[in-house]
Amino acid sequence: YQEKLGDLKTTGNSVKARSVEAATRPVAIDSLRALVIKFRKVVDIYNTPGDDTYSHLDAEDIVKITKTVEEKEEWVNTKEREQAAKLKYEDLVVTTAQVTTAAGELARLCDPIVNKP
């Protein structure tokens with residue numbers, strides 16, 4: 001009985017984990033994309049002639065923001081494509097935790113630059 005229960009739990013736990021990931025990953029991806037859009041708008045406003053909202057930022061800072069945003073956007077797009085190509089019972093390409101970590105890295109790098117006095 002215990003052996004059979006252990007086998008069923010092993011199978012059930014992986015199914016449950018995939019189900020949770022399938023429900024939470026799109027939300028995490030949307031929040032990462034929202035950050036990408038936020039920081040792209042900062043770059044666009046900086047590059048808009050006559051708008052002094054972010055004129056206190058250095059060109060180096062804007063290049064750093066642009067590079068980081070492009071890297072994170074490419075990463076999430078690639079991972080999302082790879083995950084979409086997988087069947088629901090196959091191993092995950094990207095987890096919610098990985099997407100959340102990427103969003104945190106983006107915010108940690110770009111927020112201090114954008115909020116610089």
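The chain holds three helices and zero strands, and in this predicted model the elements follow one another as α-α-α from the N terminus on. The radius of gyration is 20 Å, well over the 13 Å that the globule rule gives for 117 residues, so the chain is more spread out than a compact globule. The dimensions of the C-alpha trace can be set beside that value: along the principal axes, the trace spans about 75 × 25 × 20 Å.

Burial and surface come next. Of the 117 residues in the chain, 28% are buried. The chain exposes about 7,800 Å², and 56% of this area is supplied by carbon and sulfur atoms. As for charge, there are 18 positive and 20 negative side chains, with the centres of the two sets lying 7 Å apart.

How are the contacts spread along the sequence? Counting those between residues at least 6 apart in sequence, 74% join residues that are at least 24 apart. Two residues of helix α1, R18 and E21, offer a convenient view of such pairings at the level of single side chains.

R18 is found in helix α1. Once residues up to four places away in sequence are set aside, R18 touches K88, Y89, E90, D91 and L92. With one of these, D91, there is also a polar contact: the side chains of R18 and D91 are joined at 3.1 Å.

E21 likewise has its place in helix α1, which covers residues 2-47. Is this glutamate buried or exposed? Its relative accessibility is 15%, and because buried means under 20%, E21 counts as buried. What surrounds E21, beyond its neighbours within four places in sequence? The residues in contact with E21 are P26, L92, V94, T95 and T96. One of them, V94, is 73 residues from E21 in sequence, yet the two C-alpha atoms are 9.1 Å apart in space. T96 supplies a backbone partner: its nitrogen lies 2.6 Å from a polar atom of the E21 side chain.

Taken together, the two residues give a picture of where helix α1 meets a later part of the chain. L92 appears in the contacts of R18 and also in those of E21. The polar partners can be told apart by the atoms involved: R18 pairs with the side chain of D91, whereas the side chain of E21 pairs with the backbone nitrogen of T96.

Definitions and conventions
Residues are numbered from 1 along each chain as its sequence is written. This is a predicted model: local features need pLDDT of at least 70, side-chain atom pairs count only at pLDDT 80 or more; totals for chains, interfaces and linings use all residues. Side-chain values use heavy atoms; hydrogens and water are left out. Helices (H or I, at least four residues) and strands (E, at least two) are DSSP runs, numbered from the N terminus. The radius of gyration is taken over C-alpha atoms; the globule rule is 2.2 Å times the number of residues to the power 0.38. Buried means under 20% relative accessible area, exposed over 50%, partly exposed in between (1.4 Å probe, protein chains only). Contact means heavy atoms within 4.5 Å. Accessible areas come from the Shrake-Rupley method with a 1.4 Å probe; for residues, only the protein chains shown count as cover. Lys and Arg count as positive and Asp and Glu as negative; His and the chain ends are not counted. The place of a charge is taken as NZ of Lys, CZ of Arg, CG of Asp or CD of Glu. A polar contact is a pair of N or O atoms within 3.5 Å; within protein, one must be able to donate a hydrogen and the other to accept it, and residues adjacent in sequence count only if both atoms are side-chain atoms.
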